[in-house]
Amino acid sequence: MPIQENTLVNAAVHAGLIEASALANLKMQARRQQLPLLELLCKNGRYPQTALYRAVAENRGLAFYEREDIKVVTRYLDALNAQILLKRLFIPVQVGEQLIALTADPDDKLAVDTVQRTLNKPATLALANPLLIEALLRDHYGEHRNQFNAVSIFDEIMKESYLRQATDLHFEALESGMQLRMRVDGRLQHYDRPINKALAESLMSRIKVLAGLDIAEQNMAQDGGFAYAIEDWEDLAPIELRVATLPTRFGERATLRILGQGTANLTLSQLGLPSHLLQPMQEAIHRPYGIVLVTGPTGSGKSTTLYASLRELDAARLNIMTVEDPIEQVIEGISQVQVADKVSFSKALRSFLRHDPDVMLVGEIRDGETAETAVRAAMTGHMVLSTLHTNNAVSAINRLIDIGCPSYLIASTLLGVLAQRLLRRICQHCRYSYTATTHDLELLEISDPDLQLHRGKGCSHCMGSGYSGRVGVYETLWMDKQLEQLIHQGASEQAMKQYAQEADKLQTLWKDARQKVLEGITTLEEASTLYQTS
């Protein structure tokens, strides 16, 4: 059975999700806005309702499980009555070798008794999100209720994505219907509400209508976008989304990129750039001409860094123009152009030159024409900011050469390259210290056997992951006369990297990540992925 509202609220207060002193005011707001109290609590605190159930588990000293933690055993479910399980919302599952009675209510002793009596095995009570339990049961028994239509379920999905601070939504077609996964802090999480075949088709149509796509076309990839205002949350600004659909074996899938996501007012100093990297970056973007590149894979925060760079500039004094695909954030006082069929990056750049710009931002350098146009613009007295997809800073130079940009233009215009990644931050609510192992010390190149590192235990604030939010780690390469000469000579990437490190012109990703580990901002497990990257 579902937990009573008071139990969830009290557990949330105990876990620090809600301030006890604010509870009376929140109850009054819920009545005034005609919203369920739990929904308002989650909206104000910006955490999903499953965090409340996890808080109850913490308060009662019970284990809390997610989908990936458990194994559903068919013979267990076949031995029990489907209607009883669905009515009381509990399910027998296996965790390791242990039989678990997974329930949504810690006071439901009948769940444990029923599982033990029917299966003739000892069982342990544990908690889970009721949506997960229902989804698992309906998947097994093939009972899917259409209690939600496509309009209401999409609104629920958008609420959940906002609460989890997701950056991407993956609607993936399955033989039985659809699964939805949300990318949070760079990791995919399951959304547990069941979506059957009929609802999946309606949901795809809903997304395509909102994005202005052809709902009759199901055999071709389509792209679009829209702004979505969550129903009943009038005080929340509409959420900007970019949509891509694709036909797959069991039907269409859609990927929704959520734009902005809390980065709309960030400056360079707020991104996590250490001071010894921040100052030269600020100096570079204030130069009257030249090109500065930001590199990294998709989802590494390149656009956020470029927007933060633009906010460092005086838009009232400078003529700043951008060409983007898509425009992710609107910045007052700047002319922003959206790439379209008739407006490519290179065409927009050439047009910009006739509008007397001081600073130009190119969303991405994808081809030789765009690269050459960008560096020629930099050579003729303009500051150009852009992105590239490369693994590190030095490889950006060879990437430009590979796509056809003359090396002499690169050498004479490139000011520097900033490479970046995003690592998960340790949750500050469950952060704890431990003594570094011998392997940790070897990786960090530190001999102190008493070195203390940090990680997160997992709590209701971080949904049990031990992480909350992300921080940027950066690598910078700044040009000098010798590097220009090496580019002119067609030197190898390794030769340029070796010189830059010896001349202290290159600060690597690993060096920055290592420092953030020692400061207790992220874990060595997160940072170690960059050990061989730089």
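Helix axes are lines fitted to C-alpha atoms over the stretch in contact, and the angle between two of them runs from 0 to 180 degrees between N-to-C directions. With that convention in place, the tour of this predicted model can begin.

**First stop: two packed helices**

Select helix α9, residues 150–164, together with helix α10, residues 197–210. Their axes lie 9 Å apart and cross at an angle of about 75 degrees. Because angles of 65 to 115 degrees count as roughly perpendicular, α9 is roughly perpendicular to α10. To see the contact itself, show the side chains of A150, V151, I153, F154 and I157 on α9, which meet L199, S202, L203, R206, I207 and L210 on α10. By character, the residues of this contact divide into nine nonpolar, one polar and one charged.

**Second stop: the nonpolar cores**

Keep F154 and I157 on display, and add L41, L102, L169, F171 and L256. Within the largest nonpolar core, which has 88 residues, these seven touch the most other members. Centre the view next on F171. Setting aside residues up to four places away in sequence, F171 touches F154, I157, M178, Q179, L180, L203, I207, R253, A254 and L256. Elsewhere there is a second, separate core of 41 residues, and L293, F352, I365 and V375 are among its members. In soluble globular proteins, nonpolar side chains tend to be buried together.

**Third stop: strands β4 and β9**

Select β4, residues 168–174, and β9, residues 251–258. Two salt bridges can be inspected here.

- D168 pairs with R257, their closest N and O atoms being 2.5 Å apart. As D168 belongs to β4 and R257 to β9, the pair ties together parts that are 89 residues apart in sequence. D168 is buried at 7% relative accessibility, whereas R257 is partly exposed at 21%.
- R253 pairs with E172, with 3.7 Å between the closest N and O atoms. R253 is in β9 and E172 in β4, so this bridge joins parts 81 residues apart in sequence. E172 counts as buried, at 9% relative accessibility.

R253 also appears in the list of residues that F171 touches.

**Fourth stop: helix α3 and its surroundings**

Move to helix α3, residues 37–45. Seven of its nine residues are buried, so the helix is largely enclosed by the rest of the structure. The buried residues are L37, L38, E39, L40, L41, C42 and K43. Which elements should be shown around them? The cover includes α1 (5–15), α2 (23–33), α4 and α9.

Three residues in and just after this helix merit a closer view.

- K43 forms a salt bridge with D235, at 2.9 Å between the closest N and O atoms. The partners are 192 residues apart, and D235 sits in the loop between β7 (222–228) and β8 (239–248). K43 is buried, with a relative accessible area of 9%, while D235 is exposed, with 60%.
- E39 belongs to a network of salt bridges that also links D155, E156 and K159.
- R46, just after α3, takes a positive phi of about 55 degrees.

Across the model, the count comes to 22 salt bridges. Side chains of opposite charge can pair when their charged atoms come close.

**Fifth stop: E66**

Select E66, in the loop between α4 (50–60) and α5 (74–78). Is this residue buried or exposed? E66 is buried, because its relative accessible area is 17% and the cut-off for burial is under 20%. Beyond its neighbours within four places in sequence, E66 is in contact with T50, R54, L132 and M463.

**Sixth stop: helix α15 and residue A503**

Helix α15 covers residues 395–402, and its buried residues are S395, A396, I397, N398 and L400. After the helix comes G404, whose phi is positive, near 105 degrees.

Finish at A503, in the loop between α19 (493–502) and β19 (506–507). A503 is partly exposed, with 30% relative accessibility. For a last view, draw a line from the C-alpha of A503 to that of V9: the two residues are 494 residues apart in sequence and 58 Å apart in space.

Technical notes: Residues numbered from 1 in each chain as written. Predicted model: local features only at pLDDT ≥ 70, side-chain atom pairs only at ≥ 80, totals over all residues. Heavy atoms only, no water. Core = buried A, V, L, I, M, F, W, Y, C linked by side-chain atoms within 4.5 Å. Buried < 20%, exposed > 50% of the residue type's maximum accessible area, 1.4 Å probe, protein only. Contact = heavy atoms within 4.5 Å. Salt bridge = Lys/Arg side-chain N within 4 Å of Asp/Glu carboxyl O. Helix = DSSP H or I, 4+ residues; strand = E, 2+ residues; numbered from the N terminus. Parallel < 35°, antiparallel > 145°, perpendicular 65-115°, else oblique. Nonpolar A, V, L, I, M, F, W, Y, C, P; charged D, E, K, R; others polar.
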